[in-house]
Amino acid sequence: MPPIINEKKCVKCGYCATICPLDVLYLDKREPEKRLAVRYPDECWHCRACEKDCPKGAITMRYPLSHYMLHYKPDKGGGEE
């Protein structure tokens, strides 16, 4: 699942595209309007570098179910005391 870019918060500085280790994000610098896009959504490692370092907090991550850590606390047994 790719990063989600909030277009209202994004100032299109391109910092996220610069720090992404896999070039998942891309800043099209052609004028008159810059555009930030998720170029390779399936290649995202979910490292959260873009999300953590975005100066405007414009990027959030959407994780696949397999990335969620499930917690199971087994019953210790022995019944109630």
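**Exercise 1.** Is lysine 12 buried or exposed?

*Solution.* The model is predicted, with local features requiring pLDDT of at least 70 and side-chain atom pairs pLDDT 80 or more, while totals for chains, interfaces and linings use all residues. Residues are numbered from 1 along each chain as its sequence is written, and side-chain values use heavy atoms, leaving out hydrogens and water.

Step 1. Buried means under 20% relative accessible area, exposed over 50%, and partly exposed in between (1.4 Å probe, protein chains only).
Step 2. Lysine 12 has a relative accessible area of 18%, so lysine 12 is buried.

**Exercise 2.** Find how many salt bridges the structure has, and classify their residues by accessibility.

*Solution.* Step 1. A salt bridge is a side-chain nitrogen of Lys or Arg within 4 Å of a carboxyl oxygen of Asp or Glu. The whole structure has 3 of them.
Step 2. Lysine 12 pairs with glutamate 7 at 3.6 Å, N to O. Glutamate 7 is partly exposed because its relative accessibility is 47%.
Step 3. Arginine 30 and aspartate 28 have their closest N and O atoms 2.7 Å apart. Arginine 30 is exposed at 62%, whereas aspartate 28 is buried at 13%.
Step 4. Arginine 48 meets glutamate 51 at 2.8 Å, N to O. Arginine 48, at 33%, is partly exposed, and glutamate 51, at 21%, is partly exposed.

**Exercise 3.** Explain why cysteine 10 is not bonded to cysteine 16.

*Solution.* Step 1. A disulfide is a pair of cysteine sulfur atoms within 2.5 Å.
Step 2. The closest cysteine sulfur to that of cysteine 10 belongs to cysteine 16, and there is no bond because the distance is 6.3 Å, too far.
Step 3. Cysteine 20 is in no disulfide either, with the sulfur of cysteine 47, the nearest, 6.2 Å away. The search of the whole structure finds 0 disulfides.

**Exercise 4.** Describe the cavities of 30 Å³ or more.

*Solution.* Step 1. On a 1 Å grid over the protein atoms alone, a cavity is a set of points where a 1.4 Å probe fits but cannot get out; lining residues have an atom within 4 Å of a point. Points are joined across faces, edges and corners, and volume is the space filled by probe spheres set on them.
Step 2. The search finds 2 cavities. The largest has a volume of about 100 Å³. Its lining has 14 residues, with Cys20, Cys44, Trp45, His46 and Cys47 closest to the centre.
Step 3. The second largest has a volume of about 80 Å³. It is lined by 13 residues, and those nearest its centre include Cys10, Cys16 and Cys54.

Notes: On a 1 Å grid over the protein atoms alone, a cavity is a set of points where a 1.4 Å probe fits but cannot get out, and a pocket is an open set with protein on both sides within 12 Å along at least five of seven lines; lining residues have an atom within 4 Å of a point.
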